[in-house]
Amino acid sequence: MSERTETAVPAGTAPSEGLPAQSSPVSPAPAGAGHGDPGVGKTSGPGGLWSGDAAESIRRNLGLVGVLVALIVIGVITRPDLYGNMNWVGDNIMSILTLASVVGVVTVGMTFVIIGGGIDLSVGAIVAIAGVWSTTVATQKFGAAGMIFTAVVVATCVGLINGLLISYGRLVPFIATLAMLVAARGLAAEISDKQTQVSGNETINSIASNRILGIPLLVYILAAVVAAGWVLLNRTTFGRRTVAVGGNPEAARLAGINVKRHTLLLYALSGLCCGIAAVMLTAQANSAQAAMANLYELDAIAAAIIGGTLLSGGRGTIIGSLLGVIIFATITNLFAINGLSTEAQNMVKGGIIVAAVLVQQFRFKSVTQLFARNRLTSKS
Amino acid sequence: MTQHDPLRPVRDLSRRRLLLGGAAVGAGALLTACTSNEGEPEDNGQVKAADSSANPNSAPGKKVVIGFSSPAADHGWTAAITKNAEAQAKLYTDVEFKSVAAGADAASQRATLSTLVSQKPDVIVLLPWDGKELNAFGLEAMAAGIPVVNLDRAFPDALAYRLQIKGDNYGMGVSAGRYIGEQMKAKGIANPIIGEIAGMDELELTQERSAGFKAELATFGFKVENRRAARFTADTGQAEASQLLRALPKMDAMWNHDDDQGIGVLAAIKQASRSDFIMVGGAGSKAAIDAIAADNSVLKATVTYSPSMASSAISLARLIAQGRGMSDLVELQVPKEITLASETITKENASTYSKLGF
């Protein structure tokens with residue numbers, strides 16, 4: 001017992017950080033019966049664990065903000081001529097956010113899937129099939145609304161198929177979405193006849209060029225999707241169930257959650273995000289083609305991971321994922337303004353992913369040990 | 001779907017399912033109608049019609065079987081290669097065209113090619129995934145008595161092909177560099193800031209293009225200030241261009257290697273409201289040539305790398321199989337190597353080249 005209190009102390013040492021954040025996972029209690037890890041639910045009495053848990057993600061997000069600041073400082077040091085001009089700085093921040101917008105929207109969906117214990121390797125392919133389908137000559141005749149409708153519905157349907165295969169077909173998510181990656185890109189190539197389909201619709205194209213109060217419309221879309229994702233994850237039963245299903249599907253099922261249907265909905269949600277992203281990317285590139293959004297699945301997974309989402313599920317934050325996406329966009333921007341090669345940029349990105357996962361493991365060592373002990377003590 | 005959440009009343013679910021199902025069927029019916037790409041004008045400017053009065057070689061001769069293989073990459077240029085080859089073969093009454101899928105990489109292309117060889121075509125036209133990796137196949141087919149026409153990606157071994165017809169990547173860079181150099185000199189800009197958006201950096205052709213560009217600019221005393229590598233797609237072109245435009249708040253000229261990714265590059269320029277520089281494209285797509293003719297964007301020129309070479313390869317393969325030469329040359333047989341010149345398309349000559357755009 002003495003050991004247990006010892007390990008619990010560091011988690012509870014920052015009550016000023018921990019207490020306000022504690023309210024977010026606990027207060028929407030309706031689905032409380034399905035809390036992620038059964039061990040957690042049983043020891044929630046003292047309050048030390050949940051507050052430590054929440055403080056952990058806040059600490060991690062602060063760490064990511066620190067990385068972001070460091071990247072900007074490197075930018076200021078290496079290109080003082082550019083950063084000396086305030087107009088340029090403003091434009092550059094917007095440029096970074098715009099660069100992050102499409103992957104950001106995809107990452108919100110990906111974060112839900114990963115928290116729910118799955119993985120979606122087909123997001124890039126879904127963006128491509130939705131983009132291509134919505135820019136065919138026949139679809140473009142329906143105007144901007146028809147194109148957006150097509151992209152969103154096609155992407156959601158593909159997500160639903162993923163979900164059906166995984167939840168009712170009992171395929172491993174990795175395999176099902178890998179198959180979809182190949183198949184959706186194939187269908188996109190078939191529909192587009194391997195050509196780049198130019199979007200002649202000015203309303204669609206203006207989504208990427210319009211600014212409101214100096215902020216690009218794409219950034220507003222990203223903000224709206226992130227806000228919706230945050231509310232859905234933290235303030236609804238759907239979000240709580242996602243955490244429960246990802247943390248321990250068997251416990252979630254015993255707690256009365258329809259795990260299969262929930263998994264199905266998670267992949268449909270990821271598809272929906274891809275549909276929105278497809279409209280944004282089509283607007284940005286003024287075109288769509290089967291090879292578009294190449295390797296977005298890796299970008300989205302990497303962003304979610306460095307944002308603190310556990311690949312094994314049951315844990316993650318939307319804000320962390322957003323910070324992850326913005327960090328990658330800032331690195332791209334930093335390398336571009338310094339005229340450095342893409343190869344060096346990719347090496348740095350890889351290094352950051354590894355570093356983030358290493359930090360994640362160190363941070364979680366104490367917590368997981370605690371879980372293990374809790375299980376033992378509650379049995380005895 | 002028999003399993004349902006015990007916390008929810010069943011009646012509610014069934015009504016919702018009915019609504020959702022109805023909406024899904026409606027959307028499905030609407031969407032399946034939306035995959036059509038009919039209505040796009042087809043242009044067949046990239047083939048040479050058989051006209052036996054102008055060219056005696058066009059007169060039907062011995063029946064020949066031409067085997068063809070090209071990677072089905074998701075790119076306008078590669079797609080145009082396959083289309084052109086097919087269209088050109090159709091124009092000859094004495095040609096039987098046998099196309100085999102090239103699969104996803106060099107290994108699968110080699111596998112499908114061996115089935116092609118067993119069908120004993122008179123000649124094989126081949127755009128390899130990688131010239132080095134398929135060199136052995138070229139040697140093998142040539143040894144078996146089937147002439148191989150290598151399209152664009154050279155075999156290192158001279159015995160591996162009967163004819164090699166390819167574009168000039170280094171020359172493309174040189175043409176782009178020369179156009180930019182001359183324009184800058186004409187404008188009296190002594191130290192121009194020049195940007196470059198390359199294609200996939202791991203490909204040899206991208207390195208050759210950049211090397212030619214750099215070398216030609218050096219003859220003017222100019223250099224590339226910032227270079228970003230995109231991936232031959234419009235969305236990566238847009239992303240890289242948006243960052244290049246941030247890095248160079250003032251720019252005088254830019255070369256973009258590929259007109260397909262150029263759609264995205266031009267979109268990024270429009271989104272950033274920039275017009276302080278001139279841009280040169282690459283490859284010569286129809287959209288780019290039209291934009292140059294219209295002269296309403298920063299795109300002022302493009303340097304060609306035309307997929308019409310596939311049509312020429314089929315014509316020449318037919319002549320090789322029939323043992324005929326090129327009618328304008330003295331030689332009785334088709335030469336062994338042809339490298340297309342990279343031409344510069346500007347507003348002045350855009351109308352001449354528009355039929356070659358893909």
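Let's start in chain B, where strand 9, helix 9 (residues 286-294) and strand 10 make a right-handed β-α-β unit. Right-handed here means that, with the strands pointing away from the viewer, the path from the first strand over the helix to the second runs clockwise. Helices (H or I, at least four residues) and strands (E, at least two) are DSSP runs, numbered from the N terminus.

Before going on, note that this is a predicted model: local features need pLDDT of at least 70, side-chain atom pairs count only at pLDDT 80 or more, and totals for chains, interfaces and linings use all residues. Residues are numbered from 1 along each chain as its sequence is written, while chains are lettered from A and ligands numbered from 1 in the order in which they are written.

**The sheet in chain B**

Strands 9 and 10 of chain B belong to an open sheet of six strands, in the order 7-6-8-9-10-12, with mixed pairing. Two strands count as paired if DSSP finds at least two bridges between them. At the edges sit strand 7 (224-229) and strand 12 of chain B, each pairing on one side only. From one strand to the next, the twist averages 20°.

Helices pack on this sheet too. Helix 5 (residues 169-187) of chain B touches strand 6 (194-198), strand 8 (253-256), strand 9, strand 10 and strand 12 of chain B, and its direction makes about 165° with that of strand 9 of chain B. Helix 6 (residues 204-219) of chain B touches strand 6, strand 7 and strand 8 of chain B, and makes about 165° with strand 6 of chain B. Such angles run from 0 to 180 degrees between N-to-C directions, with axes being lines fitted to C-alpha atoms, for helices over the stretch in contact. Contact means that C-beta atoms, placed from the backbone, lie within 7 Å.

How much of strand 10 (residues 299-304) of chain B is buried? Six of its six residues are; a residue is buried if 20 or more other C-beta atoms lie within 10 Å of its own, exposed if 12 or fewer, and partly exposed in between. Strand 10 of chain B runs parallel to strand 9 (residues 278-283), joined by five bridges, and antiparallel to strand 12 (residues 344-346), joined by three. Here are some of the residue partners:

| Residue in strand 10 of chain B | Partner |
|---|---|
| Leu299(B) | Met279(B) |
| Thr302(B) | Gly281(B) |
| Ala301(B) | Thr346(B) |

**Over to chain A**

In chain A, helix 7 (residues 123-134) and helix 16 (residues 296-306) pack at about 130°, with their axes 6 Å apart. That makes helix 7 of chain A oblique to helix 16 of chain A, since angles under 35 degrees count as roughly parallel, over 145 as roughly antiparallel, 65 to 115 as roughly perpendicular and the rest as oblique. Val123(A), Gly124(A) and Val127(A) of helix 7 meet Tyr296(A), Glu297(A) and Ala300(A) of helix 16.

Two loop residues have a positive phi without being glycine. Asn286(A), with phi near 55°, lies in the loop between helix 15 and strand 4 (287-288) of chain A. Asn286(A) is buried, with 27 other C-beta atoms within 10 Å. Ala293(A), with phi of about 55°, is in the loop between strand 4 and helix 16 of chain A, and is buried as well, with 31 C-beta neighbours inside 10 Å.

**Where the chains meet**

The contact between the chains takes 41 residues from chain A and 43 residues from chain B.

Definitions and conventions. Two residues are in contact if their C-beta atoms, placed from the backbone, lie within 7 Å.
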